Amino acid sequence: MYKVSSNIVNIPRLRPLVVALLLVALWANGAIGAETKRVRLISLIAIDEFMGRLKEPGGLFYDGTKKRLYVADSGNKRLVSFDEEFRYLSELSHRGFSIPLGIVKTSAGEFYITDAKTGEIKFVDVKNKAIVPLKIKGLDGKKKFVAGRLSLDEKENLVVTDRLNKRILILKRDGTLVKAIEPELKGLYGFSDVKVDSRGYIYAVDTIGRKVYIFDNTGRLVRRFGTSNNKLMRFPVSVAVDSRGYIYVLDRHSGRILVFNDKGVLQHLLLRKGVSPGELYNPGYIYIDGKNRIYTIDGNRVQIFLEGD
Amino acid sequence: MRRAGIVTYLIAVVSVVVLCYGTASAAKKDTRKLCADCHKEVAGFFDKKRVHKPVAGGQCTACHNPHASKHKNLIGESRDELCYGCHKKDKLLKGNVVHQPVVEGLCLECHASHSSDKRALLKGAEAELCFGCHKKENIEGKKFVHPEVRKGRCTTCHDPHGSTLEGLIVKNNMCISCHKGGSKTLRTAHSGLNVSGTQCLSCHSPHSSDNRGIIKANVHAPFAEGKCNVCHKQGSKEIVKADYTMCLDCHENSMQSFYKRYSHLMAGKDDNFCADCHTPHASDERALLRDREDKTCWQCHEDTRSFTHSARYIHPDLKKCLDCHVSHGSNARYMLAAGDNTCSMEGCHPSQGRFTHPVGDDAIDPRSREPMNCSTCHNPMGSPEEFILRAGKVMELCIKCHQI
């Protein structure tokens, strides 16, 4: 069997109309006129004689105060730190790190990770070299909570995706539930990533639904954008927001970053598909620090970019 | 001079009219006898029960050009265009699901052009024609066979040209046009439950099965044992728990297979993510998959489907997704079953890395700084290049790493 849209295309008189409508639709989606802007590759972290090779890193976090980059090196079951010029500093290995995925660090120097092997949030007690699973308090026990991606809000609460339940949980650092954002929306498949801006607005991406969701600091949905037919947003896996309020959506299949304004209108594109330095082939995670530097995780490498020449 | 000009003009007009009329009447002219003088087979056309209308009218030239043609058998136009000249395409193709021979204009694969003893000038018995492409043993080779299949009446359910429905099904709720929904017989067969409104094909094969009631080959244990109340409320279609927790009550151990670096652990379409891929009753596929492997995966991986469909070269087993990928989770990228060694798994490509270009830790891709593997040069999901190479085999691929 073979699907064809013959009924429309075979009527020659309608072709110009169909083409015109397609152009309008593409324009409305920002597909026409979206230029690819230049970015500068600041650093590429993959292999180092002291660190060895990164293996399927899952997440990262940049501490602007201490000027340290921390990478959850999932495949090697360790956390690795880098200095402000992204040179290897040290690492923390522990049998409690099964598959570290998400990572955040509070201003008090506390590390929290999510573990893909157990679906838990874990507190990393660096001083005592202990890894303590966080007990979630106040959550309805009927549903199984499986922690996915992790972020910090402006009050340094933990903001985490619940992989099984189409929801985002906001938790105090002791694990007490502050709020569960659980929108009942048609076409929502679940949240693959979450980030929070300085106002406390939450940005989440639904890979299969090909949409970005924006919630305000009360958990109210303020906007969602992206369409299932959008050829630009093919397989969005991660999201980040910069200090100007621009939303960066990492698209795995196209190997590009799509930059939207806060209204969800596409502004421009960054990067292109490829395996060479400065290109993305199978990216999984994006992060933006306070200086608007863009970090991507793509296979076994971390690349850091800055927009412009 | 002026009069001579008018006369010349009139002669020209009359000549054109006569020529056109002559040609038109020639097309309508009964050329049967003329053609049959040489083409002795023409007489045989009339021995059959059904004769194609232009043949019956002796209008051989309606399809054949008596002088010359660029098409075989002196056909006036390409085969499909010729047929669609009289048999309007819009009427034949009732939807956007089109039978592949129709797409390719192969009308004469099923229909005879001159005459036939079968209806619709079919070349043979209905089922025989279908089984020419669709494997007979897959359709009616099982113990219990749907009566219409046994009678060879494929077109009771399928439209051989086009339909709006997958599988070229004639209409929605096809089954209940014969099996009356809510009828006593139907209730009795379903433990007294009114099954109207349910998807018959979620349990039954429409063709044949080794299970009584043409239930699909692989059956969920509680369903096979008649323990409906494991999942459903007593005497009702209503399920006990609406979400995945119902499946986990029995399959808690399956969760471990999801706890990997790369995983399908996600909420999914509805509240029960298990049901996105698996059916709770019966399936002809392994692991009670809802549909064929590729179709199950493409429900979510639409972009991949679109990419592979547009690729010129694809891996021959591309539709067997689970030969290479793990369905729940894997610590290897792309959820591959054996990471970089997936290609040599199960003896598919045993020579992987043993000849030609080296792979592994001793062969680092200078671009990505990662060890090379098969997918450095090949894209198993599809490529415009032969051997599913990522670039042209004459230098283009090599110079991506080897500078000249």
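In this predicted model, strands β27 (residues 294–298) and β28 of chain A run antiparallel and are joined by five bridges. One residue pairing across these strands sets A:Y295 opposite its bridge partner in β28(A), A:I304. The two strands form a hairpin with two residues between them, and A:G299 takes a positive phi near 65 degrees there.

Strand β28 of chain A covers residues 301–307 and is mostly covered, since five of its seven residues are buried. A further antiparallel partner of β28(A) is strand β3 (residues 39–45) of chain A, to which β28(A) is joined by six bridges. In this pairing A:V39 stands opposite A:E307 of β28(A).

**Two open sheets of chain A**

Strands of a sheet pair through backbone hydrogen bonds, in either a parallel or an antiparallel sense. Chain A contains an open sheet of five strands in the order β2-β25-β24-β23-β22, with mixed pairing. At its edges stand β2 (35–37) and β22 (236–241) of chain A; each has a single partner strand, so one side of each is left without a neighbour in the sheet. On average, neighbouring strands of this sheet are turned by 30 degrees against each other, direction ignored. At the β22 edge, β22(A) pairs in the antiparallel sense with strand β23 (residues 247–251) of chain A over five bridges. A:P236 has A:D251 in β23(A) as its bridge partner.

An open sheet of four strands in chain A has the order β14-β15-β16-β17, and its pairing is antiparallel. Its edge strands are β14 (147–152) and β17 (177–181) of chain A, each of which pairs on one side only. Neighbouring strands of this four-stranded sheet are turned by 20 degrees against each other on average, direction ignored.

The antiparallel strand pairs described so far are set out below.

| Strand pair | Bridges | Residues opposite each other |
|---|---|---|
| β27(A) and β28(A) | five bridges | A:Y295 and A:I304 |
| β3(A) and β28(A) | six bridges | A:V39 and A:E307 |
| β22(A) and β23(A) | five bridges | A:P236 and A:D251 |

**The β16–β17 hairpin and A:K172**

Within the four-stranded sheet, strand β16 (residues 167–171) of chain A runs antiparallel to β17(A), and four bridges join the two. Here A:L169 stands opposite A:A180 in β17(A). The strands β16(A) and β17(A) form a hairpin with five residues between them, and A:G175 in the turn has a positive phi of about 95 degrees.

A:K172 lies in the loop between β16 and β17 of chain A. With 15 other C-beta atoms within 10 Å, A:K172 is partly exposed. When neighbours within four places in sequence are left aside, A:K172 is in contact with A:N157 and A:V178. A:L92 is 80 residues away from A:K172 along the chain, and the C-alpha atoms of these two residues are separated by 25 Å.

**Chain B: overall form and domains**

Chain B has 16 helices and 12 strands. Its radius of gyration is 31 Å, well over the 22 Å that the globule rule gives for 404 residues, so chain B is more spread out than a compact globule. The C-alpha trace of chain B spans about 100 × 80 × 45 Å along its principal axes. Of the 404 residues in chain B, 18% are buried. Among contacts in chain B between residues at least 6 apart in sequence, 51% join residues at least 24 apart.

Chain B is divided into domain 1 (26–124), domain 2 (136–213), domain 3 (217–290) and domain 4 (293–404). Between domain 1 and domain 2 of chain B, the C-alpha centres lie 35 Å apart. The contact between these domains takes 10 residues from domain 1 of chain B and nine residues from domain 2 of chain B. By class, the side of domain 1 that touches domain 2 in chain B has six nonpolar, three polar and one charged residues.

**Where the chains meet**

Between the two chains, 29 residues of chain B are in contact with 36 residues of chain A. On the side of chain B that touches chain A, the elements giving two or more residues are β2 (97–98) and α7 (100–103) of chain B. By class, this side of chain B has 12 nonpolar, eight polar and nine charged residues.

Methods: Residues numbered from 1 in each chain as written. Chains lettered and ligands numbered in written order. Predicted model: local features only at pLDDT ≥ 70, side-chain atom pairs only at ≥ 80, totals over all residues. Pairing = 2+ DSSP bridges. Axes fitted to C-alpha atoms, helices over the stretch in contact; angles between N-to-C directions. Rg over C-alpha atoms; globule rule 2.2 N^0.38 Å. Buried ≥ 20, exposed ≤ 12 C-beta atoms within 10 Å, placed from the backbone. Contact = placed C-beta atoms within 7 Å. Nonpolar A, V, L, I, M, F, W, Y, C, P; charged D, E, K, R; others polar. Domains from an automatic or database assignment.
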